[in-house]
Amino acid sequence: MHTPSPSIRLALGSKQPAKRAAVQEIAPLFWSRWELHCLSVPSGVRSQPLSDEETVAGALARARVVRDSADADYGIGLESGVAAGPLGRLYAVSWAVVVDRDGCVGIGGAERFALPPAVAERVLHGEELASALRALGMTSTPSEGGTVALLTGGRRQRRELFAIALLHALCDLERQRGRPLQFARSSVAPGGT
């Protein structure tokens, strides 16, 4: 008689629907049995990160805190921000960080897209991206697909950006470990790590 492998315990450092949906989309690509716990945890960075480094730092902080808080096999932090880029433009960015029980860190990013100059100017003067969009008569909410949906006419959704970033972070973690991701609690999983 074959005993089914235990469920992987994933913890996401957010309760946002787009982030939850991204994990639900990507997790089955890595594990046949998994459970997801979503907790609101602090990012440790300002609410509007203004660089790739700050955005990643927020995702890393969320991943570490939620992994420990939920006693999870993998802690996941997903964070959006803005960063300077080519041609003097400001770009929206999305990053994912995954931390396993051993403290190994996987990182991945999604494609970035340029913000309209009027929006970028307001953000650089201290407004959060959502507020800048509203002030200019544009609306964006996570349930409607976020800024990317607004600026692509609905052709791309925030969930998709987080899913791509998470896929890359999990693949990075696999490469570092030199083997497929698996159940991490050796006391429960025979032969585990």
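The following exercises, each with a worked solution, concern a predicted model of one protein chain.

Residues are numbered from 1 along each chain as its sequence is written. In this predicted model, local features require pLDDT of at least 70 and side-chain atom pairs pLDDT 80 or more, while totals for chains, interfaces and linings use all residues, and side-chain values use heavy atoms, without hydrogens or water.

**Exercise 1. Overall architecture**

Task: State how many helices and strands the chain has and give their order.

Solution. Step 1: helices (H or I, at least four residues) and strands (E, at least two) are taken as DSSP runs, numbered from the N terminus. Step 2: on this basis the chain has 6 helices and 6 strands. Step 3: read from the N terminus, the elements follow the order β-α-β-α-β-β-β-β-α-α-α-α. Step 4: with contact meaning heavy atoms within 4.5 Å, residues 24 or more positions apart account for 60% of the contacts with a separation of 6 or more. Step 5: 45% of the 193 residues count as buried, where buried means under 20% relative accessible area, exposed over 50% and partly exposed in between (1.4 Å probe, protein chains only).

**Exercise 2. Two acidic residues**

Task: Locate Glu79 and Asp73, and determine which side chains they meet through polar contacts.

Solution. Step 1: Glu79 belongs to strand β3 (residues 74–84), whereas Asp73 is in the loop between α2 (52–70) and β3. Step 2: Glu79 has a relative accessible area of 5% and is therefore buried; Asp73, at 0%, is likewise classed as buried. Step 3: a polar contact is a pair of N or O atoms within 3.5 Å; within protein, one must be able to donate a hydrogen and the other to accept it, and residues adjacent in sequence count only if both atoms are side-chain atoms. Step 4: the side chain of Glu79 makes such a contact with that of Arg62, at 2.6 Å. Step 5: the side chain of Asp73 is joined to that of Arg101 at 3.0 Å, and a polar atom of the Asp73 side chain lies 2.7 Å from the backbone nitrogen of Arg9. Step 6: beyond four places in sequence, the residues in contact with Glu79 include Lys19, Ser43, Trp95 and Phe162.

**Exercise 3. The surroundings of Arg159**

Task: Decide whether Arg159 is buried, partly exposed or exposed, and identify what it touches.

Solution. Step 1: Arg159 is in helix α6 (residues 158–177). Step 2: its relative accessible area is 29%, so Arg159 is partly exposed. Step 3: leaving out residues up to four places away in sequence, Arg159 touches Ala18, Ala21, Ala22 and Glu25. Step 4: Ala18 is 141 residues from Arg159 along the chain, yet their C-alpha atoms are separated by 4.6 Å. Step 5: Ala149, in helix α5, is 10 residues from Arg159 in sequence and 9.9 Å from it, C-alpha to C-alpha. Step 6: Ala149 is buried, because its relative accessibility is 7%.

**Exercise 4. Helix α4 and the lining**

Task: Establish which element gives the most to the lining of the largest pocket.

Solution. Step 1: β3, β4 (90–100), α4 (129–135), α5 (146–151) and α6 each supply at least two lining residues. Step 2: α4 gives the most, with 4 residues.
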